[in-house]
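Student: I am new to this structure. Please take a close look at one part, the sheet, and then follow it to the residues around it.

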Amino acid sequence: MKCPCRCGATIEMLIADGARPRWDIVADAKGRPTLQPSVWRNAGCKSHFWVRTGRIVWCGESEAV
């Protein structure tokens, strides 16, 4: 995916069993993805965020329930 901060970087998140680091992905009934754990770029823009029901939630923001 493209970094949501709009820096232009491409972020790859491995979801294959046995991969390290590894993210789990689930989709809700409408097909909106949720990723776990959070995505934290350790280079470039250093973005840190969650993908929750297809939306970006920046770390530090409170999630609406």
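**The sheet and its surroundings**

Tutor: In this predicted model, strand β3 runs antiparallel to strand β4, residues 48–52, and 2 bridges join them. At this pairing, Trp-40 lies opposite His-48 of β4. The whole sheet is open and has 3 strands in the order β3-β4-β5, paired antiparallel. β3 (39–40) and β5 (55–58) each have a single partner strand, so they form the edges, and one side of each has no neighbour in the sheet. In general, the strands of a sheet are paired by hydrogen bonds of the backbone.

Phe-49 leads on from the sheet to other parts of the chain. Apart from neighbours within four places in sequence, its contacts include Val-39, Ile-56, Val-57 and Trp-58, and also Met-1, Pro-4 and Ile-11. Phe-49 also belongs to the largest nonpolar core, a set of 9 residues. Among the other members are Val-39, Val-51, Trp-23, Leu-35 and Cys-3.

Cys-3 is worth following one step further. Its relative accessibility is 5%, so Cys-3 counts as buried. The search of the whole structure finds 0 disulfides. Cys-3 is accordingly in none, and the nearest cysteine sulfur, in Cys-5, is 3.6 Å away. A disulfide needs the two sulfur atoms within 2.5 Å. Cys-7 is also unbonded, because its sulfur is 3.7 Å from the closest cysteine sulfur, that of Cys-5, which is too far for a bond. With 40% relative accessibility, Cys-7 counts as partly exposed.

Definitions and conventions
Residues numbered from 1 in each chain as written. Predicted model: local features only at pLDDT ≥ 70, side-chain atom pairs only at ≥ 80, totals over all residues. Heavy atoms only, no water. Core = buried A, V, L, I, M, F, W, Y, C linked by side-chain atoms within 4.5 Å. Buried < 20%, exposed > 50% of the residue type's maximum accessible area, 1.4 Å probe, protein only. Contact = heavy atoms within 4.5 Å. Pairing = 2+ DSSP bridges. Helix = DSSP H or I, 4+ residues; strand = E, 2+ residues; numbered from the N terminus.
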